[in-house]
Amino acid sequence: MTAPGRAPLLVASNRGPLTVVAVEDGDDEVRRGGGGLVSGMQAALSATPEAVWVCAALNERERALARQAPNGRVSELPLVADALHGDFDVRMLPIDAQTFRNAYNGVANSTLWFVLHQLYDLPTSPSFDAAWRRQWASYVRYNRAFAEALAAEAAPDAAVMVQDYHLFLVPRMLRELRADVRIGHFTHTPWVTPEYFTTLPDDIAAAVVDGMLGADVIGFHTERWASLFRDTAQAVTGATASGVRVFPLGTDADEMHKLAGRRSVDSELRVLHDVVGDRSVIGRVDRTELSKNVWRGLLAYRELLRTRPEWHGRVVHAVYNNPSREDLPAYREYTARIERLAQEIDDEFGTEDWTPLLFDIGDDYPAALAILRRSDVVFVNSVRDGMNLVVLEGLVLSERNPAVVLSRETGAAEVLGDDAFTVNPFDVGATAAALHEALLLPPDERAERADRMRTAAVRLPPIPWFEAQLEALGPKSR
Ligand code: G6P
């Protein structure tokens, strides 16, 4: 047993609420993590004295900073304290570079992400060999580092909220170190059938499920993922999983309007307007991520232009991609492929006075927000997606009562229901037809549907989402 610390509330996640990047003169610059989820958890932590967020150092600079900080408490370093928004501590774990790389790239973002999003090309992958086993050993060590830090920081009876597939083993490990704490785990990704999950080696599948079952409350975005997890737990361990609960994360309309109302976004919107004029805009914003299915999204747009030439000159597809996980060759190759396809579409249809496709890869958040503000159709066709917050953000931000074309394999499809045009993400023809229908939706009906979907999109914004999970953990026992 580990001696208790002082924090009554802890969050654990791979990516923390801040990142350290090198700026031109070689100095460190600390940036706050973006996004609704981070601000929601920050708000909840700030409301609790002595709350702690435990995260991994993601790069060499962060590791150096974490080693320098007393107990890894980077929030005590002036550089970080100035940048942090909110009154809580951040403990960053300086896990050695190779262990981190193996755990994050090798296991979490390759094996686990690929299993949970069904991204494998089954005739050739996955294959689990001795080299993979070494990566798994790193994943175990990385999870143990989190469990030990949490055990050391947690006050008696503390609530510990563990996030996502990077940390599947933490609940059980922490439970063994500290029997008194209340543990929640939330999976932000989908879950899969027992048949697909057991492409993992049997002992690994069992270790993952058992790791999660160490938590008192196991959260998912939708009933579909929760029930697949129950089925998997039953199949893999023979046990009936209790404490599995559904907390569909929504978006925070005020926060989104604040972000999208900045002058930098207004000026991007003017630039966009100069290009698209009064044409209809099909907008999408994603990470350059295999599961987002930009590839078939572009194929569907090409099919729309090929089969329904009446749209030539009347529609623009605006695609914004935020670079992601570029250390992984599969991601780099995928990005290169979608870039080539975008070029082909432009070559096939572009004319002197019509640019059919605006395709950008970059880190320009204002440009991405401008697309959402201008979208007539918000387009998400993920292969599989735990929730997909972008479609919810698009609904809140679009100034044009958008129609939504949405993959039925997303959590958001469960939240938005029949008001979205849901599609099979593999059926390019049906997706093209759905884009056509969405573009043709009469203004009145579009407004009514958008209105209902907006209401659903903001039902459980990050702060109440987080609080609902704390409540599900039950009161402190003393
Ligand atoms: C998904 C995961 C998050 C992750 C995010 C960005 O939404 O559920 O845990 O942080 O992708 O991925 P990255 O690898 O850049 O942290």
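Two aromatic rings of Phe, Tyr or Trp count as a pair if their centres lie within 6.5 Å. Keep that in mind for the first view of this predicted model.

**View 1. Aromatic rings that meet across the chain.** By that rule, the structure holds 16 aromatic pairs. One of them brings together Trp191 and Phe229: their ring centres are 5.0 Å apart and their planes stand at 90 degrees, so this pair is edge-to-face. The cut-off behind that name is an angle over 60 degrees between the planes. Where do the two partners, Trp191 and Phe229, sit in the chain? Trp191 belongs to the loop between strand S7 (182-186) and helix H7 (194-197), while Phe229 is part of helix H9 (residues 223-237). The two are 38 residues apart, and the pair links distant parts of the chain.

**View 2. The ligand and the residues around it.** Look around the ligand and you will find Arg15, Tyr104, Asn109, Trp113, Asp164, Tyr165, His166, His188, Arg287 and Arg325. Sorted by class, this shell has 3 nonpolar, 3 polar and 4 charged residues. Which helix gives the largest share of the shell? That is H4, with 3 residues. Now zoom in on some oxygen atoms of the ligand. One lies 2.6 Å from an N or O atom in the side chain of Asp164. For Arg325, a polar side-chain atom is 2.9 Å from a ligand oxygen, and for Arg287 the corresponding distance is 3.3 Å. On its own the ligand would expose 380 Å², and the protein buries 73% of that.

**View 3. A closer look at the backbone of Asp164.** We met Asp164 in the previous view, where its side chain has an N or O atom 2.6 Å from a ligand oxygen. Here the backbone takes the stage. Most residues other than glycine have a negative phi. Asp164 is not a glycine, yet its phi is positive, at about 80 degrees. You can find Asp164 in the loop between strand S6 (154-163) and helix H6 (170-177).

**View 4. A cis peptide bond before Pro126.** Most peptide bonds are trans. The bond from Ser125 to Pro126 is cis, with omega near 5 degrees. Pro126 itself is placed in the loop between H4 and helix H5 (130-153).

**View 5. The second largest pocket.** About 630 Å³ of space lies in this pocket. Its lining is made of 23 residues, and those nearest the centre are Phe114, Leu119, Tyr120, Asp121 and Leu290. Helix H4 (97-116), helix H12 (294-307) and helix H13 (329-349) are the elements that each give two or more residues to the lining. Which of the elements gives the most? H13 does, with 4 residues. By class, the lining of this pocket splits into 12 nonpolar, 7 polar and 4 charged residues.

**View 6. The largest cavity.** How many cavities of 30 Å³ or more does a search of the whole structure find? There are 2, and the largest has a volume of about 40 Å³. Its lining consists of Met161, Gly184, His185, Val217, Gly219, Phe247 and Gln469. At least two of these lining residues come from S7, and at least two from strand S8 (217-220). In this lining, 3 residues are nonpolar, 4 are polar and none is charged.

Methods. Residues are numbered from 1 along each chain as its sequence is written. This is a predicted model: local features need pLDDT of at least 70, side-chain atom pairs count only at pLDDT 80 or more; totals for chains, interfaces and linings use all residues. Side-chain values use heavy atoms; hydrogens and water are left out. On a 1 Å grid over the protein atoms alone, a cavity is a set of points where a 1.4 Å probe fits but cannot get out, and a pocket is an open set with protein on both sides within 12 Å along at least five of seven lines; lining residues have an atom within 4 Å of a point. Grid points are joined across faces, edges and corners, and a volume is the space filled by probe spheres set on the points. Ala, Val, Leu, Ile, Met, Phe, Trp, Tyr, Cys and Pro count as nonpolar, Asp, Glu, Lys and Arg as charged, and the others, Gly among them, as polar. A residue is near a molecule or strand if one of its heavy atoms lies within 4 Å of it. A polar contact is a pair of N or O atoms within 3.5 Å; within protein, one must be able to donate a hydrogen and the other to accept it, and residues adjacent in sequence count only if both atoms are side-chain atoms. Accessible areas come from the Shrake-Rupley method with a 1.4 Å probe; for residues, only the protein chains shown count as cover. Rings of Phe, Tyr and Trp (its six-membered ring) pair if their centres lie within 6.5 Å; planes under 30 degrees apart count as stacked, over 60 as edge-to-face and the rest as tilted.
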